[in-house]
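Please look through the model shown below before reading on. The briefing that follows gathers some of its computed features by topic.

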Amino acid sequence: MKIFSSSPSNSKFALFSPPPQNSITKFNFIAPLKTNSHSSKSLPTHSHDTSSPPILQETPQNSAPPKSEATEMEEEYGFDEEITNAKKSLEELLVVRRPTMEFPDEEVQSTAEYNNRNASSGIDEGLSIFAKKMLIFEPKIVESSSGEKPLLVNLDLALYKAKILARNYRYQEAEELLIKCISYWPEDGRPYVALGKALSKQSRNNEARSVYEKGCQATQGENSYIWQCWAVLENKMGNTRRARELFDAATVADKRHIAAWHGWAVLEMKQGNILKARNLLGKGIKFCGGNEYIYQTLALLEVRAKRYEQARYLFKQATKCNPKSCASWLAWAQLEVQQANNRVARGLFEKAVQASPKNRFAWHVWGVFEANLGNVDLARKLLKVGHAVNPRDPVLLQSLALLEYRYSTANLARLIFRRASELDPRHQPVWIAWGWMEWKEGNLATARDLYQKALSIDSSTESAARCLQAWGVLEQRVGNLSAARRLFRSSLNINSQSYVTWMTWASLEEDQGNSVRAEEIRELYFQQRTEIVDDASWIMGFLDIIDPAIDSIKRLLNFEKVNVSSENKDSGEDEQLGKFSSDFNLDKFIREKLALDPSKLEVQLEPSRMASSKSSINRPASNIWKSPENRNATSAPNVTAS
């Protein structure tokens, strides 16, 4: 296309040609405008074969004849008229319309007709047809061309469905679903966390570790939840040093991740590093603010240090942060049980079940508390209510079986133990408690088989250590002293801090007349035990963080060593008792909140329901990502209580 030329007759020219000497250059702009329907003139074509001048033509002034002023005015008037016509044609062309994705055959035929027409109406009409062909927005085509990746809302639905499947022990289907989520969204950390937890529940710890490692790599180490779950797994497997490193990585990824600070502090508590645990909990409050778990753990530390008033204050702070925290109410209730404040403890248990009506720990701990007080009927009712709202929990049935063995018959206890073992065959305490009952009944062979069953599940846990200690006592009572010594030694290899095991072994040697050996065993315990050193000086600085009114806290916690009379103590206890005394009606609460009949709380001992649940495990999970035509027919997942 020729853009600039010195003369229309020149066949060869430079892009910018110099004008002749002593001449003034003038450019005439000829715009490609849409002509009126009454005009038979066509737009100029820009081919090399045409003889018409180009769009921008350089015409020397001296080559054209001189024009008069009237002629110049007429040309200016005509140029203005051409501009007006151009605006009108553009307004006609730029019409707002709805874009059509697929046009009918008539428009295709019209397109072919337009292509066969002359060039007189080619540009403007061609642009309008091109606008019809352009795909401005087409959801189906965009979805198919983007690698068939579903919307992000499908990830939330898939994670919820996997949670329900894992809760119903359909782990294989949950794993397949989570692996599919990871393939679609590898940068999201939630599928890795859910898959790792599902594998950990099946004791597939190495596979869970691999999943967490891949998740950290996929998220470039910026997801603190994956680091924290990985640290919990390593701590569970006994890799304390590795767990510390992972907790540290979690806090580096997100210093406001409260679970990482709390989990790391609990690890240090179990290792006896109380000062380190307090420091970590203080950092958790500093970066994350008040949290019921932090306050609860600090209160438990105060209980261990026998600073009970400080512990009560921290428990109160925990329940203020979250009145629905069932764990805080239960921990506070256990403190009052330890201090023999039974009425206060019962009021706190009532608060716990009101905060979380279906919490299995609340019903279990309250039931055991009433059983120890001799309230057998109330304890039986509480354990049965807990089992009714948590039908898959074996711990409630285990305590109920021991209660029935003590106050009823051994045959009923055996049926309940068998039912509990069917619910969770890998729950070691059920087999241990069942073996203890059979030993008390004189069935030694059955007791040994049950102990062996518990050890075959996992021989490196604290439950295994207790099982070995109980088995050693059995062998000691029947006279197998060499077997008893081996069992005690094996138990201490797992848990060297067990005071009961050391003293039981020492009493065995003392009963056999080996007083020197018994004294050596006692000295070994005191030499190897973990020394817990605690300092009360941290409280002053820590309470500055949680409450600036330090003077009032000093008076509350009795730091100023004021001699309080016994009358004031009694009045304080009465005030505390009245604070938690309420007209709590247990039967009414069970009817209204749980929709249960208190007079019809029975344990289902037949395995029929278990068989039906096993058959439901083998049912295939429905596919979340269905075809577009079947997507509207997808039903919501069924949520079952567990």
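**Salt bridges, patches and burial in a predicted model**

Glu-268 is buried, with a relative accessible area of 2%, and this residue serves as a starting point for a reading of the model, which is predicted. Glu-268 is the partner of Arg-244 in a salt bridge whose closest N and O atoms are 2.7 Å apart. The chain as a whole has 642 residues, of which 37% count as buried, and its secondary structure comes to 31 helices and 2 strands.

**Salt bridges**

- A search of the whole structure finds 25 salt bridges, and the items below take up some of them.
- In the salt bridge between Arg-244 and Glu-268, with 2.7 Å between the closest N and O atoms, Arg-244 belongs to helix H10 (residues 240-253) and Glu-268 to helix H11 (residues 258-270), so the pair ties together parts that are 24 residues apart in sequence.
- The two partners fall into separate burial classes, since Arg-244 is partly exposed at a relative accessible area of 27%, whereas Glu-268 is buried at 2%.
- Lys-381 and Asp-587 meet through their side chains in a salt bridge of 3.1 Å, N to O, and this pair links distant parts of the chain, with Lys-381 in helix H18 (residues 376-389) and Asp-587 in helix H30 (residues 586-594), 206 residues apart.
- Lys-381 counts as partly exposed at 25% relative accessibility, and Asp-587 is likewise partly exposed, with a relative accessible area of 25%.
- Asp-156, Asp-188 and Arg-190 are joined into one network by salt bridges that share partners.
- Arg-204 and Glu-207 form a salt bridge in which the closest N and O atoms are 2.6 Å apart; Glu-207 is partly exposed, with a relative accessible area of 39%, and Arg-204 counts as partly exposed at 26%.

**The surroundings of Glu-175**

- Glu-175 has its place in helix H6, which covers residues 171-184, and Glu-175 is buried, with a relative accessible area of 12%, a value under the 20% limit for that class.
- When neighbours within four places in sequence are left aside, Glu-175 is in contact with Leu-195, Leu-199, Gln-202 and Arg-204.
- One of these contact residues, Arg-204, is also the salt-bridge partner of Glu-207.

**Surface patches**

- Leu-151, Val-153 and Leu-157 make a nonpolar surface patch of about 300 Å².
- Within that patch, Leu-151 has its place in the loop between helix H4 (139-145) and helix H5 (153-167), and Leu-151 is exposed, with a relative accessible area of 62%, which is over the 50% limit for exposed residues.
- A positive surface patch is formed by Lys-255, Arg-256, Lys-276, Lys-283 and Lys-286.
- Lys-283, one of the members of the positive patch, has its place in helix H12 (residues 274-288) and counts as partly exposed at 34% relative accessibility.

**The chain as a whole**

- The accessible surface of the chain comes to about 38,400 Å², and 51% of this surface belongs to carbon and sulfur atoms.
- Among the contacts in the chain with a separation of 6 or more, residues 24 or more positions apart account for 57%.

Methods: Residues are numbered from 1 along each chain as its sequence is written. This is a predicted model: local features need pLDDT of at least 70, side-chain atom pairs count only at pLDDT 80 or more; totals for chains, interfaces and linings use all residues. Side-chain values use heavy atoms; hydrogens and water are left out. Helices (H or I, at least four residues) and strands (E, at least two) are DSSP runs, numbered from the N terminus. Buried means under 20% relative accessible area, exposed over 50%, partly exposed in between (1.4 Å probe, protein chains only). Contact means heavy atoms within 4.5 Å. Patches are made of residues with over 30% relative accessible area and no salt bridge: like charges are joined within 9 Å, nonpolar side chains (Val, Leu, Ile, Met, Phe, Trp, Tyr) within 5 Å. Accessible areas come from the Shrake-Rupley method with a 1.4 Å probe; for residues, only the protein chains shown count as cover. A salt bridge is a side-chain nitrogen of Lys or Arg within 4 Å of a carboxyl oxygen of Asp or Glu. Lys and Arg count as positive and Asp and Glu as negative; His and the chain ends are not counted. The place of a charge is taken as NZ of Lys, CZ of Arg, CG of Asp or CD of Glu.
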